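Hi there,

Here is the structure I promised to pass along. Have a look at it first, and then read on for my notes.

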Amino acid sequence: MVALHFLEQKMLVLFETPAGFALFKVLDEGKLSKVEDLWKDFATSESARKVVKLKAFTKFENTSEALSAATLLIDGKPSKGLRKFLRAHCDGETLAVADSKLGNAIKEKLKIECLHNNAVMELMRGVRSQLTELITGLGAQDLAPMSLGLSHSLSRYKLKFSPDKVDTMIIQAIGLLDDLDKELNTYAMRVREWYGWHFPELTKIIQDNIQYAKVVKLMGNRVNAVDLDFSEMLPEETEAELKEAAVISMGTEVSDLDLANIKALCDQVLALSEYRAQLYDYLKSRMNTIAPNLTALVGELVGARLIAHGGSLLNLAKQPGSTVQILGAEKALFRALKTKHATPKYGLIFHASLIGQAAPKLKGKISRSLAAKTALAIRYDALGEGQDNSMGLENRAKLEARLRNLEGRELGRSAGSAKGKPKIEFYDKDRKKGTGALVTPAKTYNPAADAVIGNSNAVIGNSIEPAIEKPMEEQQETLPKKRKHREMETEEAKSEAIEGVDEKDKKKKKNRLGEVDTNGLQQEDVEEGREEKSEKKKKKKKVTQAEDVTMQEDKLELEASDQQSKKKDKKNKKGKN
């Protein structure tokens, strides 16, 4: 950092080095008018000594002083040591500076005239090129390590105290917390599977992984369960069930070496769970410090995941509420846009407690409102000066009231009006839902459809039944005059309807007669067929009987011929004798 001091007769140059501040006196002011040729005067150390000369030099006591002075100069503010140095060596001179902001600060505090232009910047380059020659006792071998050490210290300081870098701890902590959850779950399931060979019933009795590891570590072999006390870990009912199951367990026997390795794994599970609890407390404290309003709205874990997904709190503050709403669901969003389906309503913000309290139908509305309030809270935490969570608590109360209001509306729609009184509406089957338009015109009652025969018969369906009524004259006297005309019209319509019914009955009778005729013809055909069959059977019987007679006659003839042949043989024998 260099400052130049111009006076009508005198001119001073202030130059900052890693070792301290140096104040040079300009010997030939006329050369500053020729800015383009000024670099030629600093080509050699001898020519440079003819332009400027060292007037005073103040050395930094240690690295911390040099670091504080450098950080203040970066912000355009003079340090306490620089103010003392300028008061001691600048008496009525004009000071030219390389940074106009620093020159304004010096002018306000020390009342010293300052100057900043292109000639000053060119003079700074010349002094920097011949710095080791112009300052006696400051060699290049000493200046290089000083510059390197000061730059390292300045970089560490900026990294340590930069507000943009503080949320890096939150990003790392939430990433480690998620990794610990995965590893802890893997180790716990390995303990259950490994010890399950020895005591498989314990898996169903104890559901919590941490309690399971503690019980296994304490019990060891299942035979020891009867003599141990598990009251500090388990309730009485669970303890009794565990001891009963240990007696009748179907598991295999394991050696002491196996149990030792299982207990070592249980120690790892318990150690990881304890470290996870400590890490969660650390993350909670950091979130309450860096983003208190965001924490009040969505909680520590959801807020930390939003910051980690956005990259930093400042980057997240640049995002609108619509982006915060679906942050974490980018893959589903682009898939929906590509396939022209409905876009997702929420991403990481879905795990917030307010959305969890809402009904499934209201989650979309609440997530949109919560994302808008969350975007405001993030901007307030990143860019605001306040460190309290009053804004977050106020917005959370508003969102809870909105959620209750929406739930009240849904209840009112399902059970009646919002005030609790049932809303009665007339039923109309021809009315569309919502629009109020009629699908078909309204139907009216048609009295002409009633059918009555005279005064004594009433038609019901297709049967006629007698009806007991008063004589027409008495009815006409009792009825009003206006209704007589209507009665006559209805009677005429009824008579027409009855005539139509009579014609229908006649047609039905004809149809029945036709059916009877067809049935008779069908019966005659059936009887003729039966007679033909009987005649055929009789003919067959006669043929069979004739055949039987002929057979019998043949038999008789054969028998007669046999007898005659026998008689002849006997006669022949007698004649021979």
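Let me begin at the start of helix H4, where a side-chain oxygen of Asp-99 comes to within 3.2 Å of the backbone nitrogen of Lys-101. Please keep in mind throughout that this is a predicted model.

**Helix H4**

H4 spans residues 100-110, and its buried residues are Leu-102, Gly-103, Ala-105, Ile-106 and Leu-110. Viewed down the axis of H4, these buried residues fall within an arc of 160 degrees, so they line one face of the helix. What do they pack against? Their partners are helix H2 (63-74), H3, S5 and strand S6 (113-115). On the face turned away from the buried side you will find Lys-101 and Glu-108, which are exposed. Lys-101 is thus the residue whose backbone nitrogen is approached by Asp-99, and its own place is on that outward face. Just after H4, Lys-111 adopts a positive phi of about 60 degrees.

**Salt bridges**

How many salt bridges are there? The count comes to 12, and I picked out three of them for you.

One joins the side chains of Glu-133 and Arg-49, at 3.7 Å from N to O. This pair links distant parts of the chain: Glu-133 sits in helix H6 (residues 131-134) and Arg-49 in helix H1 (residues 45-49), 84 residues apart. Glu-133 has a relative accessibility of 37%, so it counts as partly exposed. Arg-49 is partly exposed as well, at 41%.

Another brings together the side chains of Glu-93 and Lys-55, with 3.9 Å between N and O. Here too, distant parts of the chain are linked, since the two residues are 38 apart: Glu-93 lies in the loop between helix H3 (80-89) and strand S5 (94-97), and Lys-55 lies in strand S4 (residues 52-59). Is Glu-93 buried or exposed? Its relative accessible area is 9%, so Glu-93 is buried. Lys-55, at 41% relative accessibility, counts as partly exposed. Both H3 and S5, the elements that flank the loop of Glu-93, also serve as packing partners for the buried residues of H4.

The third pair is Glu-394 and Lys-398, whose side chains meet at 3.8 Å, N to O. Both belong to helix H20 (residues 390-415), and because they are four residues apart there, about one helical turn separates them. Glu-394 is partly exposed, with a relative accessible area of 47%, and Lys-398 is partly exposed with 44%.

**A buried isoleucine**

Next, have a look at Ile-262, which is found in helix H12 (residues 256-290). With a relative accessibility of 2%, Ile-262 counts as buried. Which residues does Ile-262 touch, leaving aside those up to four places away in sequence? They are Trp-194, Tyr-195 and Val-216. The C-alpha atoms of Ile-262 and Arg-190 are 9.4 Å apart, although the two residues are separated by 72 residues along the chain.

**A nonpolar surface patch**

Finally, there is a nonpolar patch on the surface, formed by Val-226, Val-247 and Ile-248. Together these residues have about 320 Å² of accessible area. Val-226 is in the loop between helix H10 (209-219) and helix H11 (236-247), and its relative accessibility of 47% makes it partly exposed.

Happy browsing, and best wishes

Notes: Residues numbered from 1 in each chain as written. Predicted model: local features only at pLDDT ≥ 70, side-chain atom pairs only at ≥ 80, totals over all residues. Heavy atoms only, no water. Salt bridge = Lys/Arg side-chain N within 4 Å of Asp/Glu carboxyl O. Buried < 20%, exposed > 50% of the residue type's maximum accessible area, 1.4 Å probe, protein only. Contact = heavy atoms within 4.5 Å. Patch = residues over 30% accessible without salt bridge, like charges linked within 9 Å, V, L, I, M, F, W, Y side chains within 5 Å. Areas by Shrake-Rupley, 256 points an atom, 1.4 Å probe, with all protein chains shown as cover. Arc of directions from axis to C-beta. Polar contact = N/O pair within 3.5 Å; in protein donor to acceptor, adjacent residues only side chain to side chain.
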